[in-house]
Amino acid sequence: MKSCNKLFILSLVVLAFSVIHVEAQPKKFPGKMKRPPMVTQAIAVLHPTAGNNVHGVVKFIQTPKGVRVIADVEGLTPGKHGFHIHEFGDCSSPDGKSAGGHFNPTNQPHGSPDAPKHHMGDLGNLEADANGKAHLDRVYPFLRLMGPMGIIGRGVIIHSGEDDLKSQPTGNAGKRVACGVIGIAKGQSPKMMK
Ligand code: CU
Ligand code: ZN
């Protein structure tokens with residue numbers, strides 16, 4: 001009889017703890033969370049692939065009209081260089097090929113970002129001056145930072161040559177000279193959207 005009582009008390013204690021545990025869970029998320037946290041700024045730091053000296057920073061800012069992309073890159077040869085978002089945020093291979101192909105979740109052909117059809121990762125070209133520096137600042141209406149087709153976590157690749165904006169599947173832009181991963185920018189604490 002005694003051991004039976006002990007068992008009963010033990011079960012009550014276990015039950016009480018599990019109830020407390022279950023009830024404690026929702027309290028970690030105060031208020032009504034109807035949407036996931038929003039991030040409006042992202043950044044990719046570009047590092048050179050093996051044998052190159054191309055480096056830079058690309059900032060991504062979500063605006064109502066799309067994503068504003070601000071790129072500052074140096075160490076390039078003068079002229080145009082293919083500039084794309086690739087499928088994977090993986091710059092681990094010395095040639096940058098670990099980043100995969102162009103980010104293309106909608107299964108489109110390669111093209112100009114201004115054409116009706118193009119990969120979602122087709123950002124056109126960067127144009128380097130005589131000192132090998134390139135600056136770009138433009139809005140891409142089709143890009144999104146977050147959501148099912150969001151670019152955070154994907155890769156940014158700069159190529160050795162010009163993207164001709166028509167050759168399949170990559171625009172014949174040559175080797176990959178720099179690679180970076182798109183991450184959440186500093187100061188972007190998660191905010192609950194109402
Ligand atoms: Cu590319
Ligand atoms: Zn493409």
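Strand β4 (residues 79-86) and strand β7 (residues 155-159) are joined by four bridges and run antiparallel; helices (H or I, at least four residues) and strands (E, at least two) are DSSP runs, numbered from the N terminus, and two strands pair if DSSP finds at least two bridges between them. The model is predicted, so local features need pLDDT of at least 70 and side-chain atom pairs count only at pLDDT 80 or more, whereas totals for chains, interfaces and linings use all residues. Residues are numbered from 1 along each chain as its sequence is written, chains are lettered from A and ligands numbered from 1 in the order in which they are written, and side-chain values use heavy atoms, with hydrogens and water left out.

Within the pairing of β4 and β7, H84 has I157 of β7 as its bridge partner. Strand β4 is also joined to strand β5 (residues 122-128), by five bridges, and these two strands run antiparallel. Here K80 has E127 of β5 as its bridge partner. Six of the eight residues of β4 are buried, where buried means under 20% relative accessible area, exposed over 50%, and partly exposed in between (1.4 Å probe, protein chains only).

The copper ion (ligand 1) has as protein donors H84 (ND1), H86 (NE2) and H159 (NE2), at 1.9 to 2.0 Å. Donors are N, O and S atoms within 2.8 Å of the metal (3.2 Å for Na, K and Ca); water is not among the atoms, so sites may look incomplete. Along the sequence, the copper donors follow the spacing H-x1-H-x72-H. H84 is buried, at 0% relative accessible area, and H86 is likewise buried, at 1%.

The zinc ion (ligand 2) is bound through H102 (ND1), H110 (ND1), H119 (ND1) and D122 (OD), again at 1.9 to 2.0 Å. These donors are spaced H-x7-H-x8-H-x2-D in the chain. Because H102 and H119 both lie in the loop between β4 and β5, the pair ties together parts that are 17 residues apart in sequence. The relative accessibility of H102 is 8%, which counts as buried, and that of H119 is 6%, also buried.

One aromatic pair is present in the structure. Y140 and F142 form this pair, which is edge-to-face, with 5.9 Å from centre to centre and 70° between the planes. Rings of Phe, Tyr and Trp (its six-membered ring) pair if their centres lie within 6.5 Å; planes under 30 degrees apart count as stacked, over 60 as edge-to-face and the rest as tilted. Y140 is buried, at 0% relative accessibility, whereas F142 is partly exposed, at 21%.
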